[in-house]
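Here's a relaxed walk through one protein model, aimed at someone who usually meets proteins at the bench. Have a look at the sequence and the fold before reading on.

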Amino acid sequence: MLVEILSPDNTLFTGEASLVTLPGSNGSFQIKNNHAAFISSLTEGIVEVKTDQTTENFPVTGGLVEVLSNKVIVLV
């Protein structure tokens with residue numbers, strides 16, 4: 001799935017990932033390929049993106065995530 005992590009000033013990550021873990025307002029959750037569409041708010045925590053080769057962590061203070069058509073957009 002395509003993952004984009006965007007801030008007002010910068011694109012933090014763009015690429016293919018197999019798993020994304022996010023700090024949701026009601027608790028941590030994960031997104032895998034072909035996940036159902038949804039929108040959620042985020043709280044302070046770590047966004048973890050797992051690709052085939054690496055795992056990258058991005059600290060966030062909050063934001064929003066949208067999942068639609070195998071694309072994940074994280075606004076922080």
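What follows is a short report on strand pairing, charged side chains and aromatic rings in this predicted model.

Let's begin with strand 9, which covers residues 71-75. Strand 9 has a partner in strand 1, and the two run parallel, joined by five bridges. One pairing to look for here is Leu6 with Leu75, its bridge partner in strand 9. Strand 9 also pairs with strand 8 (residues 63-68), this time in the antiparallel sense, again over five bridges. There, Val67 sits opposite Val72 of strand 9. The hairpin made by strand 8 and strand 9 has two residues between the strands, and Ser69 in this hairpin takes a positive phi near 55°.

Now for the side chains. In a regular strand, side chains alternate between the two faces of the sheet. Strand 9 shows such an alternation: Val72 and Val74 point to one face and are buried, while Lys71, Ile73 and Leu75 point to the other and are not buried.

Next, a charged residue worth a look. Glu4 belongs to strand 1 (residues 2-6). Beyond its neighbours within four places in sequence, Glu4 contacts Phe13, Thr14, Lys71, Val72, Ile73 and Val74. Why does Glu4, though buried, have no salt bridge? The nearest side chain of opposite charge, Lys71, is 4.1 Å away, and a salt bridge needs the nitrogen within 4 Å of a carboxyl oxygen.

The structure does hold one salt bridge. Its members are Lys50 and Glu48, whose closest N and O atoms are 4.0 Å apart. Lys50 counts as partly exposed because its relative accessibility is 31%, and Glu48 is partly exposed too, at 25%.

On to the rings: there are two aromatic pairs. Phe29 and Phe38 form an edge-to-face pair, with 5.6 Å centre to centre and 65° between the planes. Phe29 is buried, whereas Phe38 is partly exposed.

Here are some accessibility values side by side.

| Residue | Relative accessibility | Status |
|---|---|---|
| Phe29 | 18% | buried |
| Phe38 | 24% | partly exposed |
| Glu48 | 25% | partly exposed |
| Lys50 | 31% | partly exposed |
| Asn10 | 46% | partly exposed |

The last row brings in Asn10, which lies in the loop between strand 1 and strand 2 (11-16). How far from Val76 is Asn10 in sequence and in space? The two are 66 residues apart along the chain, yet their C-alpha atoms are 10.0 Å apart.

Note on methods. Residues are numbered from 1 along each chain as its sequence is written. This is a predicted model: local features need pLDDT of at least 70, side-chain atom pairs count only at pLDDT 80 or more; totals for chains, interfaces and linings use all residues. Side-chain values use heavy atoms; hydrogens and water are left out. Rings of Phe, Tyr and Trp (its six-membered ring) pair if their centres lie within 6.5 Å; planes under 30 degrees apart count as stacked, over 60 as edge-to-face and the rest as tilted. Buried means under 20% relative accessible area, exposed over 50%, partly exposed in between (1.4 Å probe, protein chains only). Helices (H or I, at least four residues) and strands (E, at least two) are DSSP runs, numbered from the N terminus. Lys and Arg count as positive and Asp and Glu as negative; His and the chain ends are not counted. Contact means heavy atoms within 4.5 Å. Two strands pair if DSSP finds at least two bridges between them.
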